[in-house]
Amino acid sequence: MGILTKIFGTKSDREIKKILPIVKQVNEFYATLEGKDLSYLQDRTKELQAVIKESIAEQESKKLNNVDDSKELKKIRSQIAENVLEQHLVEAFALVKHACRLLYGKEWEVVGQKIKWEMIPYDEQIIGGIVLHQGKISEMKTGEGKTLVATFPIYLNALSGRGVHVITVNDYLAQRDAEWMGKVFETLGLSVGFILNSMNPQQRKSSYNCDITYGTNNEFGFDYLRDNMTIDSEFLVQRKHNYAIVDEVDSVLIDEARTPLIISGPVETKINQSYVDLKRPVQSLVVKQTQLISTLVSEAQTLLKNETLSDDEKQQAGLLLLKAKRGLPKFQKLQDLFQEQGTIKMMNAVESEYIADKKTYLLDEDLLFSIDEQSNSVDLSDKGREALSPDNKDAFTIPDLGELLSDIDEQNLSDEQKQLKKEKVYKLHSERSSKIHYLSQLLKAYTLFDKDVEYVVQNGQVLIVDEFTGRVLPGRRFSGGLHQALEAKENVKIEKETQTLASITIQNYFRMYDKLSGMTGTADTEAAEFEKIYNLGVTVIPTHRPIKRNDFNDVIYKSMQAKYKAVIKEVSEYYSKGQPVLIGTVSVEVSELLSKMLKQKGIPHNVLNAKQHQSEAQIVAQAGLKKSITIATNMAGRGTDIKLGPGVEELGGLHIIGTARHESRRIDLQLMGRSGRQGDNGSSRFYISLEDDLMRLFNMDRLATYMDRLSMDEDQELSAGMLNRGVSNAQKKVEERNFAMRKHLLEYDDVLNQQREIIYDLRNKALLSESIKDTINEFIEDFIFDTVGDLDFKQIKDWDWQSINQQLNSNLLVNIDVNEIESLQSLDELIDYINEEALKYYKLKEDVIPSELLRKVEKFIVLKTIDEKWRNHLLGMDQLREGIGLRAYGQKNPLIEYKSESYNFFQELMVSLRSTIIQRVFHAQVSDQVQTQQNPLQKNIQLQHDEAAKSDSNEIPKNIPSQEDMSNESELKLGRNDKVELIAPSGERVKVKFKKIDQYLMKGYTRG
């Protein structure tokens, strides 16, 4: 493979070779623009917009007339736009470059800070722009000017008039880039807007109507979901999804894609008291287990003091260590013991024997509970059950439902008595299952989740810490009751559970765009996933100047303590010679620990616990000044260049210290990329210990054995190329696991996505149409078919007409006389007959209620019913999703089972939806005084970026409709007792109350 690459070049090399002639044409065109002023650029933009729009419209009118399939429609539409824009690429790119030339030396404010424009794009940036326009990912190293690169394809694609979305990683960058690059677009005559979390619907709509809109993936995604929840088209904010450029594309489409976007509302239940009730027993259980593990470790230590251990003693020591690891893997004394030579090898030998003999269950007999860190699970043992409930061990055991029901069936009891007993069994099973679930979540909270690592407590709230960025995520919540368990653990107020109202994965949101592209410094390691999930190729763009950064081999220590001492020592050395250092950490806890250690040494420094605000970018931007020491989470200041201060280049540039390898190679590469921008000097080194999570869970055994062989002391370091390969292999394992998780999430959401598209299409049709009478008519016919369609027409006289008429009357207000349908020859004729009877009645209703008013009522009822039914459907799907994994124990594929069950769920949803809509429409009563529908803001709506096992929520209600339950008669309860004049069939005029109109219509009365 290496030889072929040398001969033919990489895939990226070959792609760039094809692009270079276009770059040459752009530069030649750019030369002809010398002397052209601002008015020329703006006039030319208007001309190009007119030509491009006309050309696209002309081709679409020819090619889209007979296309009904939405996917095919999107494909052809996208191809037409692409072909038209391609013809104007050279001129458009040259105009952007000329706009940059006109701005050179000018100053303006960007997010309150004055900036001076000193950029004219170079060839590598034009290459990057062409790659982005082609719908691919441009991989460009940090400092290569990706923000400017994006202006080329943004301008060209905005000329179609369909809008361009630019996705950034936080609100600050969305505003900064819109105000910074916005000046280029304004020079060219285009409008620019940005979306912030704090904006109201009117401001959002205004920004979306601009030619170019900047914002975060969360804001774009939540606006899409909110648009599909509003009950008035006036409050829609987004346009169609045309073209999106994703900045830091790996962060958005890979890291954040592990978690769906969710809008949720509170479940109408009391706060669960079980967490409070079980907290003390769980605390007691954890204390007992800690004492037990401490004893096991002490016994192992005693054995290991003997320098000449017999085989039996080695076996015994290994067994003690293994039990301790299964009981409390993070126990510090155990971790210290693992630093000693040969201990891990002993433990692994014992574990291999138990696995081979299939007797691993015996290891947990002495424990109260066992922990599996990799699967993030805690299992209660028999001994633990006994400790929790000495008088009744079964109190924490889920009963065998099948066996209990079978026993009841065998008893000599009446059917009524059996049913009564079965209900008690179901109740017992449900109560025990819930109790054990709460217990399990509390055990996880106490043993697997550490304060200031996975979460922090601020202002009486438990807040999640993002595992990739170290940023605190206000409002997000772990799901499945785990967040309540943590709230109980930390003695803060326990919030209510929430219910999903709308959701979509990042993957399915971004796949809605006609064209998608992205840019980052690190995409090549995930190229396969980008291709498979998003159909995005990755092209590596060469750097403008060669990279001079010196990346030293990783240094490894046995313990974290030794590692941090070495880090502080190195920082001191660099500080004394004035060279700036950026220290990357993986958690809030580590950044604070290092800060304390630096204070003790008297070294001034900045600490960034990476909360998203403006000062983050400012601190990171100053990290390249002399004697500057900055501690930050691994991705702090992403999107901000670190420029070297005076004299720093001569000292060796910015030095990067990584305090641990992240589980994703891309995060490490991002951190290293903070140094050595644009050919600057720089260096990087990572410090690792065997106690780091990555090493402990994925690569510790082999490295520990290797270090044992070298008889290394705790403070002795190991640095070798072999180590780098070992770490890289561990990271690949984690990346493969994470890809599997994202793929798994997407496979399940793809099932829901098909249903979502049908429901949202139906909803949009109702929302945007002047009249949905045709849809109501379709629903009437579908309901009739749902009622009689499966019956045998030959047996029509034997049908249960009492039941059928009950359904028809309660929904359509019609009764069928069997004697009147004797002449009908087929089921289709019967359906047509019932349909005509229903429409006759509805026509009478139209005579009474003004047409315009009735159309509004129909629309209101359809939208409210869809929202109500869809919300309940999502709840059912959530419950199905949570329990479907158990099907694997019955040798069934959970995904196939999920697809099958969800299909049935959806069929039931559609039948129920049609039935309820026509029932409500036929029973609806309105007054002449209809109030204008306001955009209701529902309290306690939460926006969540749910973490497969986590969910996050912000209480930011924006244009969310109220979701009050509607009665079966779903009325706009306005003027029900108002009197209305009707004309009887005899011609007599009578006044009746609105609520009695239906009865009079049935008798042939009409509106006076």
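**Cores, pockets and a buried helix**

Let me start with the packing. The largest nonpolar core holds 164 residues. Those with the most contacts inside it are Tyr155, Tyr214, Leu253, Phe510, Phe530, Leu812 and Phe922. Helix α35, residues 851-883, gives the most to this core, with 11 residues. Another core lies apart from it. That one has 56 residues, among them Val282, Leu320, Leu380 and Leu486.

One caution before I go on. This is a predicted model.

Now the overall numbers. The chain has 1008 residues, and buried residues make up 54% of them. Its secondary structure comes to 37 helices and 29 strands. Take contacts between residues at least 6 apart in sequence: 75% of those join residues at least 24 apart.

Back to the largest core, and to Leu253. What does Leu253 touch, once neighbours within four places in sequence are set aside? Its contacts are Ile506, Phe510, Leu516, Phe530, Tyr534 and Leu536. Two of these names you have heard: Phe510 and Phe530 are on the list of residues with the most contacts inside the core.

Phe510 comes up again with the aromatics. A search of the whole structure finds 15 aromatic pairs. Phe510 belongs to one aromatic cluster, together with Tyr224, Tyr509, Tyr513, Tyr760 and Trp870.

Rings also meet charges here. The charged end of Lys36 sits over the ring of Tyr40, at 4.8 Å from the ring's centre. Arg685 lies over the face of Phe552, and there the distance to the ring centre is 4.3 Å.

Next, empty space. Rolling a probe the size of a water molecule over the atoms shows where empty space is left. Start with the second largest pocket. Its volume is about 2,000 Å³. It is lined by 41 residues. Which of them lie nearest its centre? Lys74, Arg511, Met512, Tyr513 and Asp514 do. Tyr513 is also a member of the aromatic cluster. Several elements give two or more residues to this lining. The helices are α4 (70-86), α12 (217-227), α22 (506-510), α23 (527-534) and α31 (721-768). The strand is β16 (515-520).

Then the cavities. There are 11 of 30 Å³ or more in the whole structure. The largest encloses about 90 Å³. Its lining includes Arg77, Ser78, Ala81, Glu82 and Leu85. Asn157, Ser160, Arg162, Asn242 and Tyr243 line it too, as do Asp514 and Lys515. α4 gives the most to this lining, with 5 residues. So two names recur: α4 also lines the second largest pocket, and Asp514 is among the residues nearest that pocket's centre.

Two buried spots to finish. The first is helix α21, residues 482-489. Why call α21 largely enclosed by the rest of the structure? Because 8 of its 8 residues are buried. They are Leu482, His483, Gln484, Ala485, Leu486, Glu487, Ala488 and Lys489. Note that charged names such as Glu487 and Lys489 are on that list. Leu486 is also one of the residues of the 56-residue core. After α21 comes Asn491, with a positive phi near 60°.

The second is Thr539. It lies in strand β17, residues 538-540. Is Thr539 buried or exposed? Thr539 is buried, because its relative accessible area is 0%. What is in contact with Thr539, leaving aside neighbours within four places in sequence? Ser12, Glu15 and Ile16 are, and so are Val131, Lys136, Ile137, Ser138 and Glu139.

That's my tour.

Key: Residues are numbered from 1 along each chain as its sequence is written. This is a predicted model: local features need pLDDT of at least 70, side-chain atom pairs count only at pLDDT 80 or more; totals for chains, interfaces and linings use all residues. Side-chain values use heavy atoms; hydrogens and water are left out. A nonpolar core is a set of buried Ala, Val, Leu, Ile, Met, Phe, Trp, Tyr and Cys residues joined through side-chain atoms within 4.5 Å. Buried means under 20% relative accessible area, exposed over 50%, partly exposed in between (1.4 Å probe, protein chains only). Helices (H or I, at least four residues) and strands (E, at least two) are DSSP runs, numbered from the N terminus. Contact means heavy atoms within 4.5 Å. Rings of Phe, Tyr and Trp (its six-membered ring) pair if their centres lie within 6.5 Å; planes under 30 degrees apart count as stacked, over 60 as edge-to-face and the rest as tilted. A charge sits over a ring if NZ of Lys or CZ of Arg is within 6 Å of the ring centre and within 35 degrees of the ring normal. On a 1 Å grid over the protein atoms alone, a cavity is a set of points where a 1.4 Å probe fits but cannot get out, and a pocket is an open set with protein on both sides within 12 Å along at least five of seven lines; lining residues have an atom within 4 Å of a point. Grid points are joined across faces, edges and corners, and a volume is the space filled by probe spheres set on the points.
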